[in-house]
Amino acid sequence: AQDQRPLVGVGVLIFQEGTTKCLVGKRKGPHGGGEYALPGGHLEYGESFEECAAREVLEEAGLQLASPTFAYAINAVFPASGKHYVTVFCRAEVPAGAQPRNLEPHKCEGWAWVEYASLAHACQPLFLPLAKLLDSPYRPH
Ligand code: 8DG
Ligand code: MG
Ligand code: MG
């Protein structure tokens with residue numbers, strides 16, 4: 001139906017420079033609560049993917065991204081809500097010493113650095129878009 005048309009979400013793979021660890025947080029709230037996801041949010045009117053990535057990461061984790069770049073895209077219908085999202089994933093690196101802050105504690109239990117290769121085991125249950133990214137052919141390294 002028309003009111004079910006897809007929305008665009010942007011998820012951000014933030015790697016600690018010189019490592020293969022990325023930032024993950026456990027979501028709170030009705031949409032994916034209790035599930036592990038990358039920082040991110042809705043693409044706003046007129047925004048580029050990279051602008052959205054930088055804005056959401058600053059809002060949610062207080063990290064400034066120098067130059068996020070497009071990484072991959074997936075398509076997902078959430079079984080619980082029936083909502084259809086196209087998720088655009090961007091990636092960026094932050095200096096090894098950069099520490100995230102949990103700036104939206106009502107939406108996220110906290111941020112942690114996790115090895116990308118162990119996300120599927122270490123971070124269960126996964127938010128559907130992240131599960132799909134991990135199942136995709138995309139390889140960040
Ligand atoms: P916003 O409305 O402030 O922009 O977003 P938010 O408050 O940060 O909400 P969110 O739930 O974190 O993001 C909005 C939607 O974006 C989310 O409900 C589904 C979609 N989304 C994806 N993939 C990803 C992802 O990897 N991470 C996050 N955080 N959201 C994603 O489709
Ligand atoms: Mg968010
Ligand atoms: Mg947000």
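A residue is buried if 20 or more other C-beta atoms lie within 10 Å of its own, exposed if 12 or fewer, and partly exposed in between. The exercises below use this definition on a predicted model.

**Exercise 1.** State which residues of helix 3 are buried, and what covers them.

Solution.
Step 1. Locate the helix: helix 3 covers residues 128–135.
Step 2. Apply the definition to its residues. P129, L130, A131 and L133 are the buried ones.
Step 3. Look at what lies over these four residues. The cover includes strand 1, strand 3, strand 5 and strand 6.
Step 4. Take L130 as an example. Apart from neighbours within four places in sequence, L130 is in contact with G11, Y36, A37 and L38.

**Exercise 2.** Classify F70 as buried, partly exposed or exposed, and list its contacts.

Solution.
Step 1. Find the residue: F70 belongs to strand 5, which spans 69–77.
Step 2. Count the C-beta atoms around it. There are 14 others within 10 Å of F70.
Step 3. Compare with the cut-offs. Buried needs 20 or more and exposed needs 12 or fewer, so F70 with its 14 is partly exposed.
Step 4. List the contacts, leaving aside neighbours within four places in sequence: they are F49, V88 and C90.
Step 5. Check a residue from another part of the chain. F70 and V10 are 60 residues apart along the chain, and their C-alpha atoms are separated by 9.9 Å.

**Exercise 3.** Describe how strand 6 pairs with strand 1 and with strand 5.

Solution.
Step 1. Start with strand 1. It pairs with strand 6 in the parallel sense, over 10 bridges. Within this pair, R91 of strand 6 stands opposite L13.
Step 2. Turn to strand 5. It runs antiparallel to strand 6, and 8 bridges join the two. Here R91 is the bridge partner of T69.
Step 3. Inspect the link. Strand 5 and strand 6 form a hairpin with 6 residues between the strands, and G82 has a positive phi near 75°.

**Exercise 4.** Identify the elements that build the largest nonpolar core.

Solution.
Step 1. Note the number of members: the core holds 29 residues.
Step 2. Pick out the members that touch the most others. These are V10, V12, I14, A53, V57, C90 and L130.
Step 3. Assign the core to elements. At least two residues each come from strand 1, strand 2, strand 3, helix 1, strand 6 and helix 3.
Step 4. Find the largest share: helix 1 supplies 5 residues.

**Exercise 5.** Describe the residues around ligand 1.

Solution.
Step 1. Count the shell. It has 15 residues, and the closest are G9, G11, G40, G41 and T87.
Step 2. Sort the shell by type: 6 nonpolar, 7 polar and 2 charged.
Step 3. Trace the shell to its elements. Strand 1, strand 4, strand 6 and helix 3 each supply at least two residues. Strand 4 gives the most, with 3 residues.

**Exercise 6.** Summarise the fold of the chain and decide how compact the chain is.

Solution.
Step 1. Count the elements: 3 helices and 7 strands.
Step 2. Read them in order along the sequence: β-β-β-β-α-β-β-β-α-α.
Step 3. Compare the radius of gyration with the globule rule. The radius is 14 Å and the rule gives 14 Å for 141 residues, so the chain is as compact as a globular protein of that length.
Step 4. Add the burial figure: 31% of the 141 residues are buried.
Step 5. Consider the contacts between residues at least 6 apart in sequence. Of these, 70% join residues at least 24 apart.

Terms used:
Residues are numbered from 1 along each chain as its sequence is written. Chains are lettered from A and ligands numbered from 1 in the order in which they are written. This is a predicted model: local features need pLDDT of at least 70, side-chain atom pairs count only at pLDDT 80 or more; totals for chains, interfaces and linings use all residues. A residue is near a molecule or strand if its C-beta atom, placed from the backbone, lies within 6 Å of it. Ala, Val, Leu, Ile, Met, Phe, Trp, Tyr, Cys and Pro count as nonpolar, Asp, Glu, Lys and Arg as charged, and the others, Gly among them, as polar. The radius of gyration is taken over C-alpha atoms; the globule rule is 2.2 Å times the number of residues to the power 0.38. Two residues are in contact if their C-beta atoms, placed from the backbone, lie within 7 Å. A nonpolar core is a set of buried Ala, Val, Leu, Ile, Met, Phe, Trp, Tyr and Cys residues joined through C-beta atoms within 7 Å. Two strands pair if DSSP finds at least two bridges between them.
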